[in-house]
Amino acid sequence: MIRDKNSVNVSVTQWIGKRSRQEDSYAVRHYPGATLTVVCDGMGGHDCGYLASSTAAEAFVEGFEQASGSVAARLRAALDYANQEVGRQFAERSLFGGTTLLAVYAGGGVVWWVSVGDSILALWRHGRLLRLNADHSMRGIYCDFVKCGAMSEEDAMAHGHALRSAVTGEAIALVDAPPTPYPLLPGDRIILSSDGADAVLLPSPPSQALRELLNTREGNLSAALVEACRQKENPYADNVTILSMDWP
């Protein structure tokens, strides 16, 4: 658990799942009155996935701190810098891979973000769990099929992981970067998660067990959510990284 001077609590927990290596990476930086968090989920298998995610997370922080202008402009500049660095790392090794990237800057009573891929940015407020960022996987499209009855929610969850956008060093197809921030209220909880926690966080409405976890202010929220992923006992469980931020 990390607490900054403004009493914003940040917790991070990872689980390797049933994979041979952890390919997720994350970064947390505190600034006067604000916090920057980054979650990246590497793809490409083994060394490629970890190389992409770790490079992107580190480069994003570096790019954000070097950039100037508005928060939105700095987030976009940092994304472009991270994408460039991922491309450079793979070019030097004659490899190809990529990563999702979700970065959140919270401060001054608002939250900004930039997102590429399918990692989840969720807000828990007054008993409601709201996804804030766009889903750049096929699952987002399949969910429309679910709404019209053409596909079950289980099938959408199982077959929707193919990405429509990722950080690979090439042009990024889809970027979610709102030009204005989202307002925060006292007691809000922000959750950043790689897609390994989809089965816990995405079902709508949230399960009673999830609601109880999100309503409990004692203990470590990210650890409790990862434990909920473990309890799913999925024999093919993916890497999981969950980062949570609480406002008093």
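Which residues of helix α7 are buried? Let us keep that in mind while we get our bearings. The model above is predicted, and its confidence averages a pLDDT of 90 over the protein chain, with 88% of the residues scoring at least 70. One stretch calls for care: over residues 1-5 the pLDDT stays under 50, and there the model has 15 contacts beyond four places in sequence. Where pLDDT is low, the predicted coordinates should not be read in detail.

Now for the overall picture. The protein chain has seven helices and twelve strands. Its residues number 248, and 51% of them count as buried. If you take the contacts with a separation of 6 or more, 69% are between residues 24 or more positions apart. About 11400 Å² of the protein chain is exposed, and 52% of that area is supplied by carbon and sulfur atoms.

Back to the opening question. Helix α7 spans residues 221-230, and its buried members are Leu221, Ser222, Leu225, Val226, Ala228 and Cys229. Looking down the axis of α7, you will find these buried residues within an arc of 150°, so they line one face of the helix. What do they pack against? The partners are the strands β2 (9-15), β11 (189-193) and β12 (240-246), together with the helices α5 and α6.

Helix α6 gives us a good residue to follow, namely Leu210. Leu210 has a relative accessible area of 2%, so it counts as buried. Leaving aside residues up to four places away in sequence, Leu210 touches Leu129, Val200, Leu201 and Leu225. Leu225 will be familiar as one of the buried residues of α7. The pair Leu210 and Leu129 is separated by 81 residues in sequence, yet the C-alpha atoms are 9.8 Å apart in space.

The loop just before α6 deserves a pause. This loop runs between α5 (198-201) and α6 (208-215), and it holds Pro205. The peptide bond that leads from Ser204 into Pro205 is cis, with omega near 0°.

Next, please turn to strand β8. Six of the six residues of β8 are buried, so the strand is largely enclosed by the rest of the structure. Which of its side chains point which way? Ile120, Ala122 and Trp124 point one way, while Leu121, Leu123 and Arg125 point the other way, and all are buried. On the pairing side, β8 and β11 run antiparallel and are joined by five bridges. Within that pairing, Leu123 has Ile190 of β11 as its bridge partner.

Strand β8 also pairs with β9, again in the antiparallel sense, over four bridges. Here Ala122 is matched with Arg131 in β9, and Leu123 stands opposite Leu130. Leu123 can therefore be traced to a partner in β11 and to one in β9, in a strand whose six residues are buried.

β8 and β9 form a hairpin with two residues between them. His126 is found in the loop that links β8 (120-125) to β9 (128-131). Although His126 is not a glycine, its phi is positive, at about 50°. Is His126 buried or exposed? With a relative accessible area of 68%, His126 is exposed, whereas the residues of β8 are buried.

Ser94 offers another positive phi in a residue other than glycine, with a value near 55°. You will find Ser94 in the loop between α2 (71-93) and β5 (98-99). Its relative accessible area is 69%, so Ser94 counts as exposed.

Two further residues round off the tour. Asp135 sits in the loop between β9 and α3 (138-147). At 15% relative accessibility, Asp135 counts as buried because the cut-off for that class is under 20%. The side chain of Asp135 makes a polar contact of 2.7 Å with the side chain of Ser137.

Our last stop is Glu62, which belongs to helix α1 (residues 46-66). Glu62 counts as partly exposed, at 36% relative accessibility. From Glu62 to Ala82 the chain covers 20 residues in sequence, and the C-alpha to C-alpha distance is 8.6 Å.

Conventions
Residues numbered from 1 in each chain as written. Predicted model: local features only at pLDDT ≥ 70, side-chain atom pairs only at ≥ 80, totals over all residues. Heavy atoms only, no water. Buried < 20%, exposed > 50% of the residue type's maximum accessible area, 1.4 Å probe, protein only. Pairing = 2+ DSSP bridges. Contact = heavy atoms within 4.5 Å. Areas by Shrake-Rupley, 256 points an atom, 1.4 Å probe, with all protein chains shown as cover. Arc of directions from axis to C-beta. pLDDT = per-residue confidence, 0-100. Polar contact = N/O pair within 3.5 Å; in protein donor to acceptor, adjacent residues only side chain to side chain.
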